[in-house]
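Me: I have just opened this one and would like to be walked through it. Could we go slowly, one topic at a time?

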Amino acid sequence: MRSEIIFAGNGLWELRVVFDKIAGVLETQVGYICGQRKKKRKSPIIPDSADRMEVVYIVYDSQKITLQELLKLFFMFHDPTAPNRQGFDKEAQYQSTIYYLKQADKKIISDFIKKIKPFYDKKIIMHVKKAGMFQPVKDYKKHYHRQSHLDKQIEQNKEQFLRHVLSPEQYRVMRKKGTEAPFSGKYIYTDEKGVYRCAACGQKLFKSDSKFQSSCGWPSFDEAYPDSTLIRKDFSHFMIRDEVLCRRCGSHLGHLFNDGTTETAIRYCINSLALKFTKK
Ligand code: FE
(Lines give C-alpha, C1' and ligand atoms only; values in the text may rest on other atoms or scores of the structure.)
Protein backbone atom coordinates (compact mmCIF):
# COMPACT_ATOMS: atom_id res chain seq x y z
CA MET A 1 0.00 0.00 0.00
CA ARG A 2 1.26 3.49 -0.90
CA SER A 3 2.04 5.45 2.25
CA GLU A 4 3.78 8.71 3.01
CA ILE A 5 5.88 10.24 5.76
CA ILE A 6 7.98 13.39 6.06
CA PHE A 7 11.21 13.74 8.05
CA ALA A 8 12.99 16.95 8.96
CA GLY A 9 16.45 17.28 10.40
CA ASN A 10 19.82 18.63 9.51
CA GLY A 11 21.47 17.10 6.52
CA LEU A 12 18.36 15.28 5.49
CA TRP A 13 18.44 16.60 1.99
CA GLU A 14 21.56 14.62 1.54
CA LEU A 15 20.02 11.74 3.43
CA ARG A 16 17.49 11.50 0.66
CA VAL A 17 20.14 9.50 -1.16
CA VAL A 18 20.19 7.01 1.70
CA PHE A 19 16.43 6.58 1.73
CA ASP A 20 16.40 6.24 -2.04
CA LYS A 21 18.40 3.04 -1.72
CA ILE A 22 16.07 1.41 0.79
CA ALA A 23 13.95 -1.40 -0.62
CA GLY A 24 10.29 -0.50 -0.27
CA VAL A 25 10.85 3.25 -0.68
CA LEU A 26 9.07 4.23 -3.89
CA GLU A 27 9.90 7.90 -4.13
CA THR A 28 11.67 10.67 -2.24
CA GLN A 29 11.55 14.41 -2.66
CA VAL A 30 13.30 17.19 -0.81
CA GLY A 31 11.69 20.48 -0.03
CA TYR A 32 10.24 22.71 2.63
CA ILE A 33 7.29 22.37 4.87
CA CYS A 34 5.59 24.75 7.21
CA GLY A 35 3.40 23.87 10.15
CA GLN A 36 -0.26 23.19 9.64
CA ARG A 37 -2.25 26.36 9.17
CA LYS A 38 -5.70 26.57 10.65
CA LYS A 39 -6.88 29.61 8.69
CA LYS A 40 -7.47 29.11 5.02
CA ARG A 41 -5.65 31.59 2.85
CA LYS A 42 -6.63 32.65 -0.59
CA SER A 43 -3.14 32.79 -2.02
CA PRO A 44 -0.69 29.92 -1.80
CA ILE A 45 1.39 30.01 1.33
CA ILE A 46 4.94 31.13 0.80
CA PRO A 47 6.49 30.46 4.16
CA ASP A 48 9.20 32.82 5.35
CA SER A 49 12.52 31.26 6.21
CA ALA A 50 11.80 31.35 9.95
CA ASP A 51 8.97 28.87 9.95
CA ARG A 52 9.87 26.61 7.11
CA MET A 53 11.73 23.39 7.57
CA GLU A 54 13.95 21.44 5.23
CA VAL A 55 12.36 18.05 4.84
CA VAL A 56 12.52 14.78 3.00
CA TYR A 57 9.18 13.55 1.75
CA ILE A 58 9.08 9.78 1.43
CA VAL A 59 6.59 7.60 -0.38
CA TYR A 60 6.84 3.94 0.54
CA ASP A 61 5.09 0.63 0.05
CA SER A 62 3.92 -0.30 3.53
CA GLN A 63 3.77 -3.95 2.51
CA LYS A 64 7.51 -3.92 1.84
CA ILE A 65 8.72 -1.61 4.60
CA THR A 66 6.88 -0.55 7.74
CA LEU A 67 6.73 2.90 9.25
CA GLN A 68 8.60 1.56 12.29
CA GLU A 69 11.46 0.45 10.06
CA LEU A 70 11.63 3.87 8.41
CA LEU A 71 11.63 5.53 11.82
CA LYS A 72 14.43 3.28 12.92
CA LEU A 73 16.44 4.33 9.85
CA PHE A 74 15.67 7.99 10.45
CA PHE A 75 16.96 7.67 14.00
CA MET A 76 19.91 5.68 12.76
CA PHE A 77 20.94 8.29 10.23
CA HIS A 78 20.85 11.39 12.39
CA ASP A 79 21.24 12.40 16.02
CA PRO A 80 17.82 12.94 17.57
CA THR A 81 19.34 14.36 20.77
CA ALA A 82 20.96 17.35 19.07
CA PRO A 83 18.71 20.41 19.05
CA ASN A 84 19.09 22.32 15.78
CA ARG A 85 22.70 21.56 15.45
CA GLN A 86 23.75 18.43 13.71
CA GLY A 87 27.01 19.53 12.34
CA PHE A 88 27.42 22.91 10.79
CA ASP A 89 24.11 24.69 10.58
CA LYS A 90 22.47 25.93 13.74
CA GLU A 91 19.22 27.09 12.31
CA ALA A 92 15.60 26.37 12.95
CA GLN A 93 15.31 24.66 9.59
CA TYR A 94 17.06 21.69 11.08
CA GLN A 95 14.84 20.95 14.05
CA SER A 96 14.30 17.18 14.08
CA THR A 97 10.65 16.67 13.26
CA ILE A 98 8.47 13.87 11.98
CA TYR A 99 5.46 15.00 9.98
CA TYR A 100 2.68 12.50 9.65
CA LEU A 101 0.01 12.61 6.97
CA LYS A 102 -2.31 9.98 8.40
CA GLN A 103 -3.72 10.40 11.91
CA ALA A 104 -3.09 6.69 12.61
CA ASP A 105 0.63 7.21 12.12
CA LYS A 106 0.80 9.66 15.04
CA LYS A 107 0.41 6.87 17.59
CA ILE A 108 2.91 4.61 15.83
CA ILE A 109 5.45 7.44 15.91
CA SER A 110 4.93 8.36 19.57
CA ASP A 111 5.02 4.68 20.57
CA PHE A 112 8.29 4.29 18.70
CA ILE A 113 9.84 7.34 20.38
CA LYS A 114 8.70 6.06 23.79
CA LYS A 115 10.31 2.71 23.07
CA ILE A 116 13.58 4.18 21.86
CA LYS A 117 13.93 6.83 24.61
CA PRO A 118 15.52 4.63 27.29
CA PHE A 119 18.37 3.75 24.91
CA TYR A 120 19.63 7.33 24.85
CA ASP A 121 21.37 8.95 27.79
CA LYS A 122 20.57 12.40 26.40
CA LYS A 123 17.06 13.72 25.94
CA ILE A 124 15.49 13.04 22.56
CA ILE A 125 14.39 16.28 20.98
CA MET A 126 11.97 15.18 18.33
CA HIS A 127 8.83 16.98 17.31
CA VAL A 128 5.85 15.13 15.90
CA LYS A 129 3.48 17.24 13.85
CA LYS A 130 0.75 16.98 11.29
CA ALA A 131 2.14 17.82 7.88
CA GLY A 132 1.39 21.22 6.46
CA MET A 133 2.07 22.35 2.94
CA PHE A 134 5.00 20.74 1.21
CA GLN A 135 7.06 22.67 -1.31
CA PRO A 136 9.40 20.56 -3.40
CA VAL A 137 12.78 22.01 -4.24
CA LYS A 138 14.48 21.27 -7.52
CA ASP A 139 17.92 22.78 -7.12
CA TYR A 140 18.83 20.94 -3.94
CA LYS A 141 21.88 19.50 -5.67
CA LYS A 142 23.80 22.69 -5.00
CA HIS A 143 23.96 21.49 -1.40
CA TYR A 144 25.71 18.33 -2.40
CA HIS A 145 29.22 19.56 -1.74
CA ARG A 146 28.56 18.71 1.88
CA GLN A 147 28.11 15.05 1.07
CA SER A 148 31.55 13.80 2.07
CA HIS A 149 31.30 15.61 5.40
CA LEU A 150 27.88 14.10 5.86
CA ASP A 151 28.93 10.60 5.00
CA LYS A 152 31.21 10.72 8.01
CA GLN A 153 28.49 12.15 10.15
CA ILE A 154 25.92 9.58 9.02
CA GLU A 155 28.41 6.87 9.96
CA GLN A 156 28.96 8.38 13.39
CA ASN A 157 25.26 8.74 14.06
CA LYS A 158 24.67 5.19 12.90
CA GLU A 159 27.31 3.81 15.26
CA GLN A 160 25.91 5.85 18.12
CA PHE A 161 22.43 4.57 17.38
CA LEU A 162 23.49 0.95 17.08
CA ARG A 163 25.52 1.10 20.27
CA HIS A 164 22.28 2.11 21.96
CA VAL A 165 19.95 -0.47 20.49
CA LEU A 166 22.20 -3.53 20.22
CA SER A 167 23.42 -5.54 23.19
CA PRO A 168 27.22 -5.46 23.75
CA GLU A 169 27.50 -8.99 22.29
CA GLN A 170 25.40 -8.06 19.27
CA TYR A 171 27.46 -4.91 18.78
CA ARG A 172 30.68 -6.93 18.85
CA VAL A 173 29.42 -9.36 16.22
CA MET A 174 27.54 -6.97 13.95
CA ARG A 175 29.71 -3.85 14.09
CA LYS A 176 33.12 -5.30 14.95
CA LYS A 177 32.78 -8.38 12.75
CA GLY A 178 32.90 -10.79 15.65
CA THR A 179 31.60 -14.35 15.74
CA GLU A 180 29.47 -15.95 18.40
CA ALA A 181 30.74 -19.21 19.88
CA PRO A 182 29.58 -22.26 17.87
CA PHE A 183 26.42 -23.91 19.20
CA SER A 184 25.79 -20.93 21.49
CA GLY A 185 23.26 -19.07 19.34
CA LYS A 186 19.57 -19.11 20.07
CA TYR A 187 18.40 -19.83 16.51
CA ILE A 188 20.48 -22.91 15.69
CA TYR A 189 17.63 -25.35 16.19
CA THR A 190 14.70 -23.03 15.52
CA ASP A 191 12.42 -24.56 12.90
CA GLU A 192 9.27 -22.50 13.23
CA LYS A 193 7.74 -20.71 10.25
CA GLY A 194 8.60 -17.05 10.01
CA VAL A 195 11.12 -14.49 8.91
CA TYR A 196 14.66 -13.79 10.07
CA ARG A 197 15.44 -10.08 10.07
CA CYS A 198 18.56 -8.03 10.63
CA ALA A 199 18.82 -7.43 14.38
CA ALA A 200 20.12 -3.93 13.75
CA CYS A 201 17.79 -2.43 11.16
CA GLY A 202 14.95 -4.91 10.76
CA GLN A 203 15.55 -5.72 7.09
CA LYS A 204 14.08 -9.07 6.03
CA LEU A 205 17.01 -11.42 5.36
CA PHE A 206 15.97 -15.08 5.32
CA LYS A 207 12.73 -17.03 5.15
CA SER A 208 12.39 -19.91 7.60
CA ASP A 209 11.92 -22.15 4.53
CA SER A 210 15.50 -21.46 3.50
CA LYS A 211 16.89 -22.60 6.86
CA PHE A 212 18.45 -26.04 7.02
CA GLN A 213 20.28 -28.05 9.63
CA SER A 214 24.02 -28.22 9.28
CA SER A 215 26.55 -29.37 11.79
CA CYS A 216 28.58 -26.16 11.76
CA GLY A 217 27.21 -24.66 14.96
CA TRP A 218 25.49 -21.59 13.47
CA PRO A 219 22.10 -21.10 11.83
CA SER A 220 22.39 -22.04 8.14
CA PHE A 221 20.33 -20.77 5.21
CA ASP A 222 20.48 -21.72 1.53
CA GLU A 223 18.91 -18.55 0.17
CA ALA A 224 18.49 -14.90 1.16
CA TYR A 225 15.75 -12.43 0.24
CA PRO A 226 16.68 -10.75 -3.07
CA ASP A 227 18.85 -7.64 -2.54
CA SER A 228 18.83 -8.03 1.24
CA THR A 229 22.49 -8.92 1.68
CA LEU A 230 25.85 -7.85 0.37
CA ILE A 231 28.77 -10.20 -0.14
CA ARG A 232 32.29 -8.93 0.36
CA LYS A 233 35.69 -10.61 0.36
CA ASP A 234 37.04 -11.03 3.86
CA PHE A 235 40.78 -11.61 4.28
CA SER A 236 40.87 -11.78 8.07
CA HIS A 237 42.23 -14.71 10.12
CA PHE A 238 44.53 -15.83 7.26
CA MET A 239 41.54 -17.02 5.22
CA ILE A 240 39.72 -15.76 2.18
CA ARG A 241 36.05 -15.91 2.88
CA ASP A 242 32.89 -14.28 1.61
CA GLU A 243 31.50 -12.04 4.27
CA VAL A 244 27.73 -11.54 4.41
CA LEU A 245 26.54 -8.04 5.29
CA CYS A 246 23.11 -6.51 5.64
CA ARG A 247 22.67 -4.45 2.50
CA ARG A 248 20.62 -1.84 4.26
CA CYS A 249 22.70 -1.04 7.35
CA GLY A 250 26.03 -2.64 6.51
CA SER A 251 26.14 -4.77 9.64
CA HIS A 252 28.13 -7.99 9.62
CA LEU A 253 25.94 -11.09 9.62
CA GLY A 254 28.24 -14.04 8.96
CA HIS A 255 29.86 -15.80 5.99
CA LEU A 256 28.84 -17.53 2.80
CA PHE A 257 30.21 -20.96 1.88
CA ASN A 258 29.87 -23.27 -1.11
CA ASP A 259 29.32 -26.41 0.93
CA GLY A 260 25.55 -26.28 1.22
CA THR A 261 23.78 -29.62 1.31
CA THR A 262 20.58 -28.39 -0.32
CA GLU A 263 19.66 -27.62 -3.92
CA THR A 264 21.37 -24.20 -4.01
CA ALA A 265 24.61 -25.76 -2.71
CA ILE A 266 25.39 -22.62 -0.75
CA ARG A 267 25.34 -22.04 2.97
CA TYR A 268 24.78 -18.69 4.62
CA CYS A 269 26.44 -19.25 7.98
CA ILE A 270 24.86 -16.55 10.14
CA ASN A 271 25.30 -15.50 13.76
CA SER A 272 22.09 -15.84 15.78
CA LEU A 273 23.05 -12.56 17.45
CA ALA A 274 22.72 -10.79 14.09
CA LEU A 275 19.18 -12.06 13.58
CA LYS A 276 15.75 -11.33 14.92
CA PHE A 277 13.14 -13.98 14.24
CA THR A 278 9.50 -13.09 13.80
CA LYS A 279 7.04 -15.94 13.85
CA LYS A 280 4.51 -16.17 11.08
FE1 FE B 1 20.63 -4.32 8.80
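## A walk through the model

Reply: Happy to begin with two cysteines: Cys-198 is buried, and Cys-201 is buried as well. Please keep in mind throughout that this is a predicted model.

Me: What is the iron ion coordinated by, and at what distances?

Reply: The iron ion is held by four sulfur donors, the SG atoms of Cys-198, Cys-201, Cys-246 and Cys-249, at 2.3 to 2.4 Å.

Me: How are those donor residues of the iron ion spaced in sequence?

Reply: They follow the pattern C-x2-C-x44-C-x2-C along the sequence.

Me: And which arrangement do the 4 donor atoms make around the iron ion?

Reply: The arrangement is tetrahedral, because the angles that the 4 donor atoms subtend around the iron ion run from 101 to 115 degrees.

Me: OK, new topic. How much space lies in the largest pocket?

Reply: The largest pocket holds about 570 Å³ of space. In general, rolling a probe the size of a water molecule over the atoms is a way to show where empty space is left.

Me: Which residues lie nearest the centre of that largest pocket?

Reply: Of the 19 residues that line the largest pocket, those nearest its centre are Gln-68, Lys-72, Phe-112, Lys-115 and Lys-276. By type, the lining of the largest pocket divides into 8 nonpolar, 5 polar and 6 charged residues.

Me: Which helices and strands supply at least two residues of that lining?

Reply: Helix 2 (67-77), helix 3 (103-116), strand 7 (194-198) and strand 15 (275-279) each supply at least two residues of the lining of the largest pocket. The largest share comes from helix 3, with 5 residues of the lining.

Me: Where does the largest pocket lie relative to domain 1 and domain 2?

Reply: It lies between them, because domain 1 (2-165) and domain 2 (194-279) both give residues to the lining of the largest pocket.

Me: Back to helix 2 for a moment: how many of its residues are buried?

Reply: In helix 2, 9 of the 11 residues are buried, so the helix is mostly covered. Among the buried residues of helix 2 are Leu-67, Glu-69, Leu-70, Phe-74 and Phe-77.

Me: Which residues are buried in helix 5?

Reply: In helix 5, which covers residues 168-176, the buried residues include Gln-170, Tyr-171, Val-173, Met-174 and Arg-175.

Me: What comes just after helix 5?

Reply: Just after helix 5 comes Lys-177, which takes a positive phi of about 55 degrees, and its place is in the loop between helix 5 and strand 7. Lys-177 counts as partly exposed because its relative accessibility is 44%, a value that falls between the cut-offs of 20% for buried and 50% for exposed. The C-alpha atoms of Lys-177 and Glu-243 are separated by 9.3 Å, although these residues are 66 residues apart along the chain.

Me: Why mention the sign of phi?

Reply: Most residues other than glycine have a negative phi. Asp-227 is a residue other than glycine with a positive phi, near 60 degrees, and Ala-265, also not a glycine, has a positive phi of about 60 degrees.

Me: Where are Asp-227 and Ala-265 placed?

Reply: Asp-227 is in the loop between strand 10 (220-221) and strand 11 (229-234), and counts as exposed because its relative accessibility is 58%. Ala-265 is in the loop between strand 13 (252-257) and strand 14 (267-270), and at 33% relative accessibility Ala-265 counts as partly exposed.

Me: Last one: where is His-127 found?

Reply: His-127 is found in strand 5, residues 127-130, and with 31% relative accessibility His-127 counts as partly exposed. The C-alpha atoms of His-127 and Tyr-99 are separated by 8.3 Å, with their positions 28 residues apart along the chain counted as the distance apart.

Key. Residues are numbered from 1 along each chain as its sequence is written. This is a predicted model: local features need pLDDT of at least 70, side-chain atom pairs count only at pLDDT 80 or more; totals for chains, interfaces and linings use all residues. Side-chain values use heavy atoms; hydrogens and water are left out. Donors are N, O and S atoms within 2.8 Å of the metal (3.2 Å for Na, K and Ca); water is not among the atoms, so sites may look incomplete. Four donors count as tetrahedral if all angles lie between 85 and 135 degrees; four count as square planar and six as octahedral if opposite donors are over 155 degrees apart and all others between 65 and 115; anything else is irregular. Buried means under 20% relative accessible area, exposed over 50%, partly exposed in between (1.4 Å probe, protein chains only). On a 1 Å grid over the protein atoms alone, a cavity is a set of points where a 1.4 Å probe fits but cannot get out, and a pocket is an open set with protein on both sides within 12 Å along at least five of seven lines; lining residues have an atom within 4 Å of a point. Grid points are joined across faces, edges and corners, and a volume is the space filled by probe spheres set on the points. Helices (H or I, at least four residues) and strands (E, at least two) are DSSP runs, numbered from the N terminus. Ala, Val, Leu, Ile, Met, Phe, Trp, Tyr, Cys and Pro count as nonpolar, Asp, Glu, Lys and Arg as charged, and the others, Gly among them, as polar. Domain bounds come from an automatic or database domain assignment.
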